[in-house]
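Here are my notes on this fold, for you to follow with the structure open. Take the points in order and find each element as you read.

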Amino acid sequence: MRFMMIVKSAEKSGFPPKPLMDAIGKLSEEAIKAGTMVGSGGLGPTALGASVRISRGEISVIDGPFTEANEVIGGYAQFDLPSKEEAIKSAIQFMELHKQLWPGWEGETEVRQMFGPEDFPCNG
């Protein structure tokens, strides 16, 4: 089963401390070697982004930063794991690193199952 881990926190949290990044690097390397991590990455600040929306049939583009966002997605990882329970264990391990190496940081890791075209019946 494929899962996406979406890390969210206040954008004003700043950059993670180096010891945390080193620990995440080690955890990621182990997951890649085990064949469970498919991909990962961090996202830049909303000031560098844009939002493309459709409302009432009209498309609009809004440049960042997005002032209405209390929390933003700061990073993600994709995993191939046997179950939702295993995905949750992986997210807890990741969050434990934050708890230990970035005291005071607050955020969440959302665990979502991923689907591809092969998971949907053909229409026609």
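1. Start with the open sheet. In this predicted model, four strands line up in the order β2-β5-β1-β6, with antiparallel pairing. The edges are β2 (37–42) and β6 (107–113), and each of these pairs on one side only. On average, neighbouring strands of the sheet are turned by 15° against each other, direction ignored.

2. Look at one pair in detail. β2 and β5 (residues 72–80) run antiparallel and are joined by five bridges. Within this pair, M37 stands opposite F79 in β5.

3. Next, see what packs on the sheet. Helix α2 does, and it touches β1 (2–9), β5 and β6. The direction of α2 makes about 160° with that of β6.

4. Now the two helices. α1 (residues 18–34) packs with α2 (residues 84–101) at an angle of about 160°, and their axes are 9 Å apart. Angles over 145 degrees count as roughly antiparallel, so α1 is roughly antiparallel to α2. The crossing is right-handed.

5. Which residues in α1 meet α2? They are P19, L20, A23, I24 and L27; on the α2 side are Q93, F94, L97, H98 and L101. Eight residues of this contact are nonpolar, two are polar and none is charged.

6. Finish with the hairpin. Strands β3 (residues 50–55) and β4 (residues 58–63) run antiparallel, joined by six bridges. S51 stands opposite I62 in β4. Two residues lie between the strands of the hairpin, and R56 takes a positive phi near 55°.

Methods:
Residues are numbered from 1 along each chain as its sequence is written. This is a predicted model: local features need pLDDT of at least 70, side-chain atom pairs count only at pLDDT 80 or more; totals for chains, interfaces and linings use all residues. Side-chain values use heavy atoms; hydrogens and water are left out. Axes are lines fitted to C-alpha atoms, for helices over the stretch in contact, and angles run from 0 to 180 degrees between N-to-C directions. Angles under 35 degrees count as roughly parallel, over 145 as roughly antiparallel, 65 to 115 as roughly perpendicular and the rest as oblique. A crossing is left-handed if the near helix is turned anticlockwise from the far one by less than a right angle, and right-handed if clockwise. Contact means heavy atoms within 4.5 Å. Ala, Val, Leu, Ile, Met, Phe, Trp, Tyr, Cys and Pro count as nonpolar, Asp, Glu, Lys and Arg as charged, and the others, Gly among them, as polar. Two strands pair if DSSP finds at least two bridges between them.
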